[in-house]
Number of protein chains: 2
Amino acid sequence: MEAHPPIRTVGIVGAGLVGSGWSVIFALSGLHVRIYDADAGIRAQAITLISRSMREMADVGLADGIDEALSRITVCDSLASAIQEADYVQESVFERRDVKAEAAAQIGALIRPGAVVGSSSSGIPASAFTETAPLRERFLIVHPVNPPHVVPVVELVPAPWTDPALVPRVRSFMKSVGQAPVVLTREIEGFLLNRLQGALLNEAFALLEDGYASAADIDTTVSKGLGLRWCFMGPFETIDLNAPGGLDDYASRLEPLYRTVAHSRTQVRGWSLDLIERANKERRDLLPKAELPTRRAWRDRVLMHLVKHLRGAGL
Amino acid sequence: MEAHPPIRTVGIVGAGLVGSGWSVIFALSGLHVRIYDADAGIRAQAITLISRSMREMADVGLADGIDEALSRITVCDSLASAIQEADYVQESVFERRDVKAEAAAQIGALIRPGAVVGSSSSGIPASAFTETAPLRERFLIVHPVNPPHVVPVVELVPAPWTDPALVPRVRSFMKSVGQAPVVLTREIEGFLLNRLQGALLNEAFALLEDGYASAADIDTTVSKGLGLRWCFMGPFETIDLNAPGGLDDYASRLEPLYRTVAHSRTQVRGWSLDLIERANKERRDLLPKAELPTRRAWRDRVLMHLVKHLRGAGL
């Protein structure tokens, strides 16, 4: 059996919000982080963004040793300098197939043969942009949720030609840096997270379209109901605990209802422009467009305090 | 305009877990609570169950004034004694249409004409069991989530013959006792909450059936990802904050993906017995059946601490 050297140096390709978040995670975990972004302006701001995120985490009690962590980060002037010595590369360039394909080709030509490349792609599968890349068997999707340094889940999705041995290795690596990795056995559009979100959103939009409730009340149904369970138990554990005999007992009682729900949605309507405008108007009445950035900062603060609370409860 | 007297006395019909939870809510809010259950054994244990729930809440800082609250509760030997003077009646009898219909007939014959009757039904609409009840226009669904005194959401669903003036009145009343009411304009199977849950569960079961991921990893995708947002923002606010320009910007980017997800699920498969058994086996490997009650108590404690944390954050 081949022994894998531990991952000590990480290359970050693309240093926007996602790449910066990854840098926070890796540097706080004691790894050396070498950052490259093709945009010199983004390179110049990367450390500022990263240190601000670290300070926000420290304020909440989610991080310490910030100065040491920052000392482990190097912003590089070339892609080669950032990744040629890396044990692991996290690619977070703009999410467009041709941009991802060009990045994969360049990365594959520069990395050591034993390195692993995770792509932050949230929807484009690796097979769509790594087919002709050098060392394409070293690439897989490693999809985080924004902001990556706060929301722990990471989706690992191999392409058909990804070396199968990489998946458990990256899973262990992600756990070692405090993330919560989940593994897909093969590619599917939307992976797990956006498919689950999409199923709920499609039902929410259909209920709104048919006038059963306001968007605000649909939101409350989740935020003051379903979501309170789902932030510490997934859907299967939730139903397992929701009938005296467990999951199969629950299923025998509720499956007919959920089958009816499914049958009522076999005609795909999509989200019409009118429907989107209705939902958007309801949101703008609650929150003017100019206040979106403030509310986003609020969301991130709430998320950090929530994660801190859940960690304190051992979750 | 008719002035509505404030609700001071609540009648509780059915004192199992749901009815007891309602009693906790109302008594802690300063109301007089009169409880009846057809089962003398349940009547005899009601105060024990209620005081235990109140103590658990007090331990977490979610309740005070327990002794005064308990002093406002009376367990009655007859249905008439519990509800004939009540301003509001919460019915939480066993969820079967004939049982609900018999309860509605008896309740309608005993209440004052100005009283309101909320049914805790989680799925059966009021039109299915109040059609021939006396004063049927005074009934509507007021569906809580277990445990009602911890999870705030309550679904209000009028029957076609429900007096429309009751809906805003009950909405205000539920807010006044600390619940988070949502209003459906008319009946639909599963109401909002179980339809939204069902949409997500149907996708989760399909992903499991096709072998894309384990039930545990699907759970993690929610509990370490989607659910962290959904416990303080609903799905519409979540996407509103997830694109620079807000909800319509998000929709223009992601609607095609979610339409594809919908198109991939137009063939309803239901949850086969084999599939249920697979999911159940995965859960039983993680949590033996004998440990379900302990885990349920853990869930309720986590929920109470979570609700306390979110309240502390002003949520």
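Reader: What does Gly314(A) do just after α12(A)?
Author: Gly314(A) takes a positive phi of about 80° there. This is a predicted model, where local features need pLDDT of at least 70, side-chain atom pairs count only at pLDDT 80 or more, and totals for chains, interfaces and linings use all residues. Residues are numbered from 1 along each chain as its sequence is written, while chains are lettered from A and ligands numbered from 1 in the order in which they are written.

Reader: And α12(A), what should its 21 residues span?
Author: At 1.5 Å a residue, 30 Å, and the end C-alpha atoms of α12(A) are 30 Å apart, which agrees. The expected span is 1.5 Å times one less than the number of residues. Helices here are DSSP runs of H or I with at least four residues, and strands are runs of E with at least two, numbered from the N terminus.

Reader: Which residues of α12(A) are buried?
Author: Leu292(A), Arg299(A), Val302(A), Leu303(A), Met304(A), Leu306(A), Val307(A) and Leu310(A). Buried means 20 or more other C-beta atoms within 10 Å of the residue's own, with C-beta atoms placed from the backbone.

Reader: What do they pack against?
Author: Two helices: α2 (40-60) of chain A and α8 (215-230) of chain B.

Reader: Chain B too, then. How many residues does each chain put into the contact?
Author: Chain A gives 88 residues and chain B gives 88. Two residues are in contact if their C-beta atoms, placed from the backbone, lie within 7 Å.

Reader: Which helix supplies the largest share on the side of chain A?
Author: α8(A), with 14 residues. That side of chain A divides into 48 nonpolar, 22 polar and 18 charged residues. Ala, Val, Leu, Ile, Met, Phe, Trp, Tyr, Cys and Pro count as nonpolar, Asp, Glu, Lys and Arg as charged, and the others, Gly among them, as polar.

Reader: New topic. How is chain A divided?
Author: Into domain 1 (9-183) and domain 2 (193-312), with bounds from an automatic or database domain assignment. Their centres, taken over C-alpha atoms, are 29 Å apart.

Reader: How many residues of the two domains are in contact?
Author: 13 residues of domain 1 of chain A contact eight residues of domain 2 of chain A. On the domain 1 side, α2(A) gives the most, with three residues.

Reader: Over in chain B, how do the axes of α7 and α11 cross?
Author: At roughly 90°, coming within 10 Å. That makes α7(B) roughly perpendicular to α11(B), a label for angles of 65 to 115 degrees.

Key
Axes are lines fitted to C-alpha atoms, for helices over the stretch in contact, and angles run from 0 to 180 degrees between N-to-C directions. Angles under 35 degrees count as roughly parallel, over 145 as roughly antiparallel, 65 to 115 as roughly perpendicular and the rest as oblique. A residue is buried if 20 or more other C-beta atoms lie within 10 Å of its own, exposed if 12 or fewer, and partly exposed in between; C-beta atoms are placed from the backbone.
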